[in-house]
Each structure stands twice: as C-alpha cells, then as structure tokens.
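Subject: Structure for your review

Hello,

Here is the structure I said I would pass on. My notes follow below it.

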Amino acid sequence: MHFLCADVGTSRMKIALTDTTGHVHDMVSQNLQVLKKEEGFCEMDMNEVWDIFTSLCLKIKERNVFLWNRISGIGVTGQGDGLWAIDQNGDPIRYAILWNDTRTKHMIRTELDHFCTERSVNIPFSGSFHMLLMWLKEKENENYKRISFVFHCKDWINFRLTGTPSCDYSDASLAGFDLFDKEYCGDIFDEMALPGTENRLPQTYPSGAIVGSVSEFASASTGLTSGLPVIAGAIDVCSVAHGVGVRQPGETCVIIGTTLCTEVVVSKDQVDFERGMVACHTKEDLYLSVMPTLSGTTSLDWAKSILYSDKSYKDMERELFHIPVGSNGVFYHPYLYGERAPFRNPFARGGFYGLSAVHSRKEMMRAVFEGLALSLYDCLKTLPESGDILTVCGGGSASDLLCQIIADCTGRTVVRSPHAEAGIKGVSDILKATIEGFDEEYNRKAHNALFQPDTEMFPQYESLYHTFHELTHSMEGFWSERRCF
C-alpha cells in the first residue's frame, strides 16, 4: 500500500510516494514563483500551481509505473493563510495573495483583538484571509463580488482533484474560526464589514476526513486513478508537528524554513489567545500554540547573498563557528517582512546594531544566525510552558551551527528530526490512520543528531536576549507608519 502526498510550500512544491511507515519511496519537486509586483505584495498564480501539481504527478508516475496502482489515498499539506479565491465556475478570480503579504498593514485594527479572543477566534494579521478580503473589497471590488469560495492553498489543490470545496480544521482555525465549536464566526466578519463571508467558506472537516475522490477531469490531467480518496489534509505547521511526533501537551517543535515557526501542543484548557496564534491540531481535542515569525531562512539567504556570495553554506559556517557568543557586539533583527510573532508589527524592519570599523562580514553573518535564535527564544518565552526538548526540522535545521546556537541560546536540548520531509511524513501518517483505521504511536528512537546546550554560554545568551529585546522596543518609533513604507 502506498500514498501520494504533496507539500505545496511558498517557494517549492513536492510530491512524494510514501509507504505505510511514512518512508518516502520517491519524490519530485519544482520551484514555485512568488510574484512581488509592489512593495509588500506576495502573490502566486493559482493556475500555474495546479499545472505544476499535474506535471509533477505525471513525472512521478512515469518513474514509478509499477507502484501506481498500489496508491490507496491522496493527502495534501501546504502553506497556510492568504487568499485563494474562486468564482462560481471554479476558476481563480485573481492571483492568490500569500500569507506573508503585508498590503493590509495600514488596515489593522487593534480594537478587534479583544472582540476576537472573547469568541475563541485568532486575532487578525496582515496575511489572514479576512484582512485580505477587506483590501479586495476596497481596491478590487469587482473581483470581491465574483468570489464564490475562499480557499487556502491545499484546499485549491483538493478542489481541483475532487470538484468539492472543503477545508480542514487546522487551516480554518487561523482566521475567523471558533476553535472550540469548529465553525466560522459571522460576528467577526460583520465587525470587519464583510457580511456573509461565512457563506463563501467551504465546509470544514478533521484533517483525516475523506472529502472526495479523484474526478475524471483530474484523472486525465494528473494520471491518478479516478475514484481515489482524497483527505482534507492540514496546514503545513500542523502536518509537520504530526510528522515529527509532536502530538502530546507540552511537546515542542521548531520549523526552520521560510518562516521560523515555534509551536507547543496544548490541551483545550491551556489555550491562550494572548500567547500567539492557536491552531486545531491534527489530533482530536488538541491544539497548537503557534508562533510563526515572518522571516526564517529568508534572513540567512538574504544576508549570505550580500556578505558571503563567494562561499558555500558549509564553508561559511566553518568560519563562523570561531566567532564568540554575541558576535563581538553586533546584533541583528530578522524582521525583513515586518513581524507577527511574538509581537505584531507589520512596520517592523530588519537591522544590524553595534557595528564599528573593527567588525567584518564574519561578525555580521554570525549575528544573523544569533538573531534568528534570539527571535526563537523570544517566541518561547511568550508561548505556554513546554518541555526541555526542541525538535527542529525544515531546511535550516540542516545547519549544525544554527542548531547549536539555538541549544545554547534557549538552554534546551535540540533534536534534529530524522525526517527530511516532515510535512510529507505528517500527511502520510494521517492518511494511514484514515485508510487503515488506527493511529500508530510515533517512534522516537531514531534521531539524526542531538545538540546539548553549553551551560557556560546559556547565561551569556540570556544577557544578550535582554539587549535584543530592548532594541526591539526602542525601534518601535522608527518602525512607525510614518517612516517605513
């Protein structure tokens, strides 16, 4: 028995054939194009996303023709939030607007915060779909009127596969959704001058629920057998947590990818909307308290392209290991796209502080690594109490330097997940539970690497954290709407 699993990220789409152990038998992938036609705009061509999905399906079929008839189900995970809207004919009304888009930053109303939290609903941020609907209504009203359904990324793929509009609890839970009653809150949309929005949202399901089957149309496009069951799937942060075994209260994982996402599993009585976003977990009656920053490995890639374009990551990190804690007095704020965790300020900006003529690119680049770790620690200090182990995954977790800095900075043992594709592993495990009828316990015996905190360095990082935190607050005046555009 095999499963077809897809992970539709912000920068890349991956499609894998997995078996019942979650092992990836084969995988194909392709980059996705993020369109940035204006400052703060991040968009994606929905039709192109579907076309890439179909071409990757055909490619992996060609490479695994003897396994193709053994596929028992399909599951999709992907980037969350944003606005993926279709008209009554099932066609996109425009390009999708992504989760890291900040065009609505001038429209944020903090008076909505309490209104939302008292209704067990997450506080809006600039990339959530209802904020983007407000923008669309004001700036592209004809497109707004044409909307039949508002999707998230994976829901668009599921819709094209099955012809049935659907969403799972995890994706739905981050915008206008009552996490406990599992339904959209019309009061929120009315308060935001978006009446009737709940009627444009698809029915919601648990992540493992079968929401439809591959249609004849999708079969012709993808090469998949018509009639194959398709599950609701999950937002990537929840699928990853499931895939790395973070499934019990107090367990914590960090996704070091495009976003630096720190998340802790909590029970219903531990849910606190003042401590970050809260998502319905893939496991029933459990939730994830989530701190997804707006800049993760993007900060590393940006800084390296300027400071170390002549070296590989491996060679660069070899140099940086010898720079002492604190980068000889240089600090870095990783807020290149504004910030939403652990504080919300769409006008925040990145910056280097403490530079003098004696500093070189080594100190600056080391400061970027430390800035990410300090941002992570800032999130941990805001999240509910959690255990002493941080399970890390995502592309950035391959860096021994970053993993060790995180361990030293947080004072916790860092465990690198053995699953290179944790999101794929998560949706594969969910599929298995659905198809076979039981949820297998996660095996924690195999790990790629452990990084133990240095007891001498942790107090130094604690001191650096306070300076980092003070710098953040001292910059708020500069990050005002009047100065940053």
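Asp-285 is exposed, because its relative accessibility of 57% lies over the 50% cut-off. Please keep in mind that this is a predicted model. Asp-285 sits in the loop between E18 and E19, and its phi is positive, about 65°, although the residue is not a glycine. The loop belongs to a hairpin with five residues between the two strands.

The strands on either side of that loop are E18, residues 277-280, and E19, residues 286-292. They pair in the antiparallel sense over four bridges, with Val-278 standing opposite Ser-289 of E19. In a regular strand, side chains alternate between the two faces of the sheet. In E18, Met-277 and Ala-279 are on one side and Val-278 and Cys-280 on the other; these four residues are all buried, so both faces of the strand are covered.

Another residue to look at is Ser-120, in the loop between helix H2 (112-117) and helix H3 (129-139). Ser-120 also has a positive phi without being a glycine, in this case about 60°. Is Ser-120 buried or exposed? With a relative accessible area of 14%, it counts as buried.

Then there is Pro-342, in the loop between strand E20 (331-333) and strand E21 (351-353). The peptide bond joining Ala-341 to Pro-342 is cis, with omega about 5°. Pro-342 is partly exposed, because its relative accessibility is 23%. Apart from neighbours within four places in sequence, Pro-342 is in contact with Met-291, Asp-378, Cys-379 and Thr-382. Pro-342 and Met-277 are 65 residues apart in sequence, yet their C-alpha atoms are 9.5 Å apart.

As for the whole protein, its secondary structure comes to 15 helices and 24 strands. The radius of gyration is 22 Å, which agrees with the value near 23 Å for a compact globule of 485 residues. The C-alpha atoms fill a box of roughly 65 × 50 × 45 Å along the principal axes. Of the 485 residues, 62% count as buried. Among contacts with a separation of 6 or more, 72% are between residues 24 or more positions apart.

On the surface, the accessible area is about 18,800 Å², and 48% of that belongs to carbon and sulfur atoms. The protein has 44 positive and 64 negative charges, and the mean positions of the two groups are 4 Å apart.

Regards

Methods: Residues are numbered from 1 along each chain as its sequence is written. This is a predicted model: local features need pLDDT of at least 70, side-chain atom pairs count only at pLDDT 80 or more; totals for chains, interfaces and linings use all residues. Side-chain values use heavy atoms; hydrogens and water are left out. Buried means under 20% relative accessible area, exposed over 50%, partly exposed in between (1.4 Å probe, protein chains only). Two strands pair if DSSP finds at least two bridges between them. The radius of gyration is taken over C-alpha atoms; the globule rule is 2.2 Å times the number of residues to the power 0.38. Contact means heavy atoms within 4.5 Å. Accessible areas come from the Shrake-Rupley method with a 1.4 Å probe; for residues, only the protein chains shown count as cover. Lys and Arg count as positive and Asp and Glu as negative; His and the chain ends are not counted. The place of a charge is taken as NZ of Lys, CZ of Arg, CG of Asp or CD of Glu.
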